[in-house]
Amino acid sequence: LFNLLQKQGREAEAQTHSKQLTEMQDKDPYYWLGRGISEFKQNEFHAALKSLETAQSMTRGFSELHVYLAIAYWRTNQANKAREQMALLNALDGQHPSLAILDKKFRNKP
């Protein structure tokens with residue numbers, strides 16, 4: 001709707017919807033997870049970490065969030081926090097397919 005209003009030259013209305021969208025996004029863990037994944041894919045690990053941590057502060061029990069957090073912590077040289085995320089993932093879903101892969105990757109590193 002924001003884009004449509006802008007294309008129609010209805011800037012005041014577009015800004016109202018932009019503000020509403022931003023307020024909704026700020027409270028939505030899925031927005032922050034998606035943003036974190038996007039930043040992650042662009043190798044912006046510090047930015048991804050901040051977005052993923054924001055998502056984690058809003059929700060519990062989301063396996064993929066722990067996977068991405070573990071990798072982001074690992075890529076930002078925070079091995080202990082990466083392992084903490086692995087432990088959370090294991091407690092949540094001990095059969096998650098990423099567990100074995102990440103465990104192997106993290107096992108032999110300091």
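This short talk covers helix α5, its packing against α6, the next pair along, and one residue in α3.

The model is predicted, so local features need pLDDT of at least 70 and side-chain atom pairs count only at pLDDT 80 or more, while totals for chains, interfaces and linings use all residues. Residues are numbered from 1 along each chain as its sequence is written, and side-chain values use heavy atoms, with hydrogens and water left out.

I will start with α5. Helices here are DSSP runs of H or I with at least four residues, numbered from the N terminus. Helix α5 takes in residues 63-75. Its 13 residues should span 18 Å at 1.5 Å a residue, and the end C-alpha atoms are 19 Å apart, which agrees; the expected span is 1.5 Å times one less than the number of residues.

How many residues of α5 are buried? Eleven of the 13 are, where buried means under 20% relative accessible area with a 1.4 Å probe, protein chains only. Among them are Leu-65, Tyr-68, Ile-71 and Ala-72. The cover includes α3 (29-41), α4 (45-58), α6 and α7 (97-107). After α5 comes Asn-77, with a positive phi near 60°.

Next, α5 against α6, residues 79-92. The two pack at about 165°, with axes 7 Å apart. Axes are lines fitted to C-alpha atoms over the stretch in contact, and angles run from 0 to 180 degrees between N-to-C directions. That makes α5 roughly antiparallel to α6, the term for angles over 145 degrees. The crossing is left-handed, in that the near helix is turned anticlockwise from the far one by less than a right angle.

From α5, the contact (heavy atoms within 4.5 Å) includes His-66, Tyr-73 and Trp-74, and from α6 it includes Lys-81, Arg-83 and Leu-92. The residues of this contact divide into eleven nonpolar, three polar and two charged. Asp, Glu, Lys and Arg count as charged; Ala, Val, Leu, Ile, Met, Phe, Trp, Tyr, Cys and Pro as nonpolar; the others, Gly among them, as polar.

Moving on to α6 and α7, these axes come within 11 Å and cross at roughly 155°. That makes α6 roughly antiparallel to α7, and this crossing is left-handed. Ala-82, Arg-83, Met-86, Leu-89 and Asn-90 of α6 meet Leu-99, Leu-102, Asp-103 and Phe-106 of α7. By class, that contact has six nonpolar, one polar and two charged residues.

Last, Glu-39, which lies in helix α3. Is Glu-39 buried or exposed? Glu-39 is buried, with a relative accessible area of 10%. Leaving aside neighbours within four places in sequence, Glu-39 is in contact with Glu-44, Ala-47, Ala-48 and Ser-51.

Notes. Angles under 35 degrees count as roughly parallel, over 145 as roughly antiparallel, 65 to 115 as roughly perpendicular and the rest as oblique. Buried means under 20% relative accessible area, exposed over 50%, partly exposed in between (1.4 Å probe, protein chains only).
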